[in-house]
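I opened the notebook to record what I looked up in this structure, going from its inner spaces to its charged pairs, its sulfur link and its surface. The entries follow in the order in which I made them.

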Amino acid sequence: HLVTLIVNADNTFVMKIDQDQVAAGHLAAADDFSPALQPPKTIDDPSDSKPEDWVDEKQMDDPEDFKPDDWDESQPAEIDDAEATKPAEWDESAPTMIPDPAAAKPEDWDEEEDGAWEPPVIDNPACATGCGPWVRQKMRNPLFRGKWRAKRIPNPAYKGEWAPRQIPNPESFDESAPFAKLDPIRALGLELWTITDGISFSNFLITDSEAEAEALAASSWLPKRSVEEALSPKSGIMESIRSLVRQFKAAADDAPYLYILFTAIAGLPVILVLRCFSSSAEAAPAPVAETAAETGNAVAEDLADAANTADASPEPSPSAEPSASAEPAADMA
């Protein structure tokens, strides 16, 4: 959720939850905060107390009302029906519950670990009318009148609700424009009464600009909320996925070969990817080795040609300049 408080420069405020307004008011209003931002102008006089003879009960028992002589408070609300009779098919000796004759002890039941096995009990089919001790049904007691109470009448001594007298509040002050004097809000406090643990809160925004609040909600909160709603258990997308899974499972339970077919289809892309990587790994070194071999053979042939040329040519005199044919050999060496 997104909880937003917008405090405006005209001393009004608006509170929103998920961009829907839930409260609004004025900072200086006495009824919009509890306690109010401004102290009240008057307070109860701490030295004032209710007089002992003050009567604040609006009604009283009628002193002229008396309990009738035939009023019997001991009569119960219900009594046994004297006209009720036990049905002829009622079997008081038969139990209402019997062991289930169709139940069998599980094969893996271990009496040393699980204790003595006892079959579950079921309703006795012979008790269609009734079994066990028969008890008369109850009926309303015509003599029951309950506890007697005198009727109520207006109290002639009633003076109204007592309240202490009011005196000027020494801590009161008048501030019609508190917004300009508010300190920057740097913290947020929550008072929460709950018996549920694991509750977390996020997305609190306090600002003085409604446009800023709307822009921030549109850029950060709304996209996140859209994704959370799409992935929530109640969303249509997730429900469609679950429906497809349930339909496939129901079909596969009747035709188990569908599990094999699904596994083959789901695993085929994985096998193809692994096969491609394996083929690339085997084929990549071959050109390198072949190129290296060809390069080595070419170098060897060049060196042999250079050596043959050197043997066939006459040895140069010490004063002679190096011949042009010796330069490639030197460069190759």
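**Entry on the cavity.** I searched the model, which is a predicted one, for enclosed space, and I found one cavity of 30 Å³ or more. About 50 Å³ of space lies in this largest cavity, and I listed its lining as Leu2, Thr4, Ile6, Lys16, Gln19, Ala213, Glu214 and Ala217. I then asked which elements give two or more residues to that lining, and noted strand E1, residues 3-7, and helix H2, residues 210-231. The largest share comes from H2, with three residues. I reminded myself that rolling a probe the size of a water molecule over the atoms shows where empty space is left.

**Entry on two lining residues.** I returned to Gln19 because it is one of the residues that line the largest cavity, and I looked up its backbone as well as its cover. Phi of Gln19 is near 70°, which is a positive value in a residue other than glycine, and the residue sits in the loop between E2 and strand E3, the latter being residues 20-26. With a relative accessible area of 26%, Gln19 is partly exposed. Lys16, also part of the cavity lining, has 9% relative accessibility and therefore counts as buried, the cut-off for that word being under 20%.

**Entry on salt bridges.** I asked how many salt bridges a search of the whole structure finds, and the count is 14. I took up Lys16 again, since it forms a salt bridge with Glu210 in which the closest N and O atoms are 3.1 Å apart. This pair links distant parts of the chain, with Glu210 in helix H2 and Lys16 in strand E2, 194 residues apart. I noted Glu210 as partly exposed, at 43% relative accessibility.

The side chain of Lys16 also meets that of Glu214 in a salt bridge, at 3.2 Å from N to O. Here too the pair links distant parts of the chain, Lys16 being in strand E2 and Glu214 in helix H2, 198 residues apart. Glu214 counts as partly exposed at 32% relative accessibility, whereas Lys16 counts as buried.

I also wrote down Asp48, which forms a salt bridge with Arg165, the closest N and O atoms being 3.5 Å apart. Asp48 lies in the loop between strand E4 (42-44) and strand E5 (59-61), and Arg165 in the loop between strand E10 (152-154) and strand E11 (166-168), so this pair ties together parts that are 117 residues apart in sequence. Arg165 is partly exposed, its relative accessible area being 47%. As for shared partners, I recorded that salt bridges join Lys16, Glu210 and Glu214 into one network.

**Entry on the pocket.** I turned next to open space, and noted a volume of about 450 Å³ for the largest pocket. Of the 19 residues that line this pocket, the closest to its centre are Leu5, Val7, Met15, Phe33 and Ile206. The elements that give two or more residues to the pocket lining are E1, strand E2 (12-17) and E12.

I also looked at the loop between E1 and E2, where Asn11 has its place. Phi of Asn11 is near 70°, a positive value in a residue other than glycine, and at 7% relative accessibility Asn11 counts as buried.

**Entry on the surface patch.** I followed Ile206 outward, having placed it in strand E12, residues 204-207. Why can Ile206 be counted as partly exposed? Its relative accessible area is 35%, which lies between the 20% and 50% cut-offs. Together with Ile185, Leu188, Leu190, Leu192, Ile199, Phe201 and Phe204, Ile206 forms a nonpolar patch on the surface, and the accessible area of these residues together is about 740 Å².

**Entry on the disulfide.** I closed with the cysteines, and found that the structure holds one disulfide. Cys127 and Cys131 form it, with their sulfur atoms 1.7 Å apart. I asked whether the link of Cys127 and Cys131 is left-handed or right-handed, and with -105° about the S-S bond it is left-handed. Both ends of the link lie under cover, as Cys127 is buried and so is Cys131.

How values were computed
Residues are numbered from 1 along each chain as its sequence is written. This is a predicted model: local features need pLDDT of at least 70, side-chain atom pairs count only at pLDDT 80 or more; totals for chains, interfaces and linings use all residues. Side-chain values use heavy atoms; hydrogens and water are left out. Patches are made of residues with over 30% relative accessible area and no salt bridge: like charges are joined within 9 Å, nonpolar side chains (Val, Leu, Ile, Met, Phe, Trp, Tyr) within 5 Å. Accessible areas come from the Shrake-Rupley method with a 1.4 Å probe; for residues, only the protein chains shown count as cover. A salt bridge is a side-chain nitrogen of Lys or Arg within 4 Å of a carboxyl oxygen of Asp or Glu. Helices (H or I, at least four residues) and strands (E, at least two) are DSSP runs, numbered from the N terminus. Buried means under 20% relative accessible area, exposed over 50%, partly exposed in between (1.4 Å probe, protein chains only). A disulfide is a pair of cysteine sulfur atoms within 2.5 Å. On a 1 Å grid over the protein atoms alone, a cavity is a set of points where a 1.4 Å probe fits but cannot get out, and a pocket is an open set with protein on both sides within 12 Å along at least five of seven lines; lining residues have an atom within 4 Å of a point. Grid points are joined across faces, edges and corners, and a volume is the space filled by probe spheres set on the points.
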